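Me: I'd like to talk through this model with you, starting with how contacts are counted. Could you set that out before we look at particular places?

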Amino acid sequence: MTAQALIALKRFGLGQKSGQLGEVAGDPRGFVARQLEGPSENFIKTNLLTSAEIWIKQRSHAKNRRAAIKAGDSKKVDAMKRPKDYHDEIAAHLADAIGTNDPLLRRLGWFWTDHLCVSAKKSPMIRHLSGSYAREAIFPHILGNFREMLHAAVLHPAMLIYLDNYNSIGPNSKVGKKRNKGLNENLAREILELHTLGVNGGYNQDDVVNFARALTGWTVWTLRKRGKAGTTRFHKGRHEPGSVTVLGKVYSQKGKKQAKAILDDLARHPSTAKFIARKLVVHFVGDEAPQSLVDRIEDVFSKTDGDLRAIHQTLIDAPESWDHPPSKFLPPLDMMVTTARALDIDMSAKLIRRTLGVFGQEWWGPPSPAGWPSEDNAWM
């Protein structure tokens, strides 16, 4: 076990998989680099349900349970166990992480799922959608473009529900005037603060409010709409009419094009490149992120228009990534998967889920939209 092999396995992977040490030790850098050569795709090859299918099943179950309670049928209520979509998702993601020969891609998938996180703690629906959200909005884009990933994540049903945009209504829209309801700023604020610019990225409260106006109308189809239930919907009757100004730029696009145009500009903003570059280096290299590497990744982010393959390639090619010893403290999920891979243990999803709960890192259950902390002291 050389120092370079240890870095390949720990910093850029999920530890040693049984029988894999020879391959890694022979060419540590090549082992890591080859994983970025393949196509960007959804890694979880199972028969798991789509988010829309989960939505329909969970809503139907809740409806039938309410009917049984209303009818006073206690036996039927007791017999109605909630569908196990959350458990099934964990089992599939766990098996994939333990068995994969491309651990870097899984680590990157976890990083971006956390950067653009939803939390299972929010509600039963989000709990069951959290795995399909990762499969549909994040994993297909980790070797693609950040702008495309941002669109997929922000406009996914799970995110629209998690940050309450699904019930945000423009005060001057047709629906807003009838219902006397208004904006919800949660999604707009977290996109600016956590997903793109960062807390010191140069935006203010007016930008949050105006961005929230542009995001009105983005919601989820309900069960009443056959064929579309559980999918993202743009409801033009809820959209706040008129132009908005965000970060000094006027956006006069109509309907759904307005928020998409703002997302495009946020993805390309210099503050976004700076914020994400530092976060990526802290996560993979260490709390004392080498500024030279942060600057290089920031530069690649801007010059390539958010090409994630190029950004990740810059990270793994950097001398700083191989000079600094792999001293980061392993969070509970990484620790358990690393142990299972090294000892070839068949851990059940139930065991993993319960143990992670004890350790304080519920799967897809970060305590806030900021995701799980990357800093060592948070876990120690």
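Reply: Contact here means heavy atoms within 4.5 Å, and please keep in mind that this is a predicted model.

Me: OK, so what is Phe211 in contact with, leaving aside its neighbours within four places in sequence?

Reply: Phe211 is in contact with Ala188, Ile191, Leu192, Val246, Ala259, Ile262, Leu263 and Leu266. Phe211 is also among the residues that touch the most other members of the largest nonpolar core, which has 83 residues, together with Phe12, Trp112, Tyr133 and Ile138.

Me: And which helix gives the most to this core?

Reply: That is helix H15, residues 270-284, with 7 residues. There is also a second, separate core of 19 residues, and it includes Leu333, Met336, Ala340 and Trp364.

Me: Switching to H8, how many of its residues are buried?

Reply: In H8, 12 of the 15 residues are buried, so the helix is largely enclosed by the rest of the structure. Tyr133 and Ile138 are among these buried residues, which pack against helices H4, H6, H7, H9 and H10.

Me: Where is the kink in H8 centred?

Reply: The kink, of about 40°, is centred on Ser130. Even so, the end C-alpha atoms of H8 are 21 Å apart, which agrees with the 21 Å that its 15 residues should span at 1.5 Å a residue.

Me: Last one, is Leu155 buried or exposed?

Reply: Leu155, in the loop between H9 and H10, counts as buried because its relative accessibility is 12%, and the cut-off is under 20%. Not counting residues up to four places away in sequence, Leu155 touches Leu160, Trp218, Thr232 and Lys260.

Key
Residues are numbered from 1 along each chain as its sequence is written. This is a predicted model: local features need pLDDT of at least 70, side-chain atom pairs count only at pLDDT 80 or more; totals for chains, interfaces and linings use all residues. Side-chain values use heavy atoms; hydrogens and water are left out. Helices (H or I, at least four residues) and strands (E, at least two) are DSSP runs, numbered from the N terminus. The expected span of a helix is 1.5 Å times one less than its number of residues. The bend at a residue is the angle between axes fitted to the seven residues ending there and the seven starting there. Buried means under 20% relative accessible area, exposed over 50%, partly exposed in between (1.4 Å probe, protein chains only). A nonpolar core is a set of buried Ala, Val, Leu, Ile, Met, Phe, Trp, Tyr and Cys residues joined through side-chain atoms within 4.5 Å.
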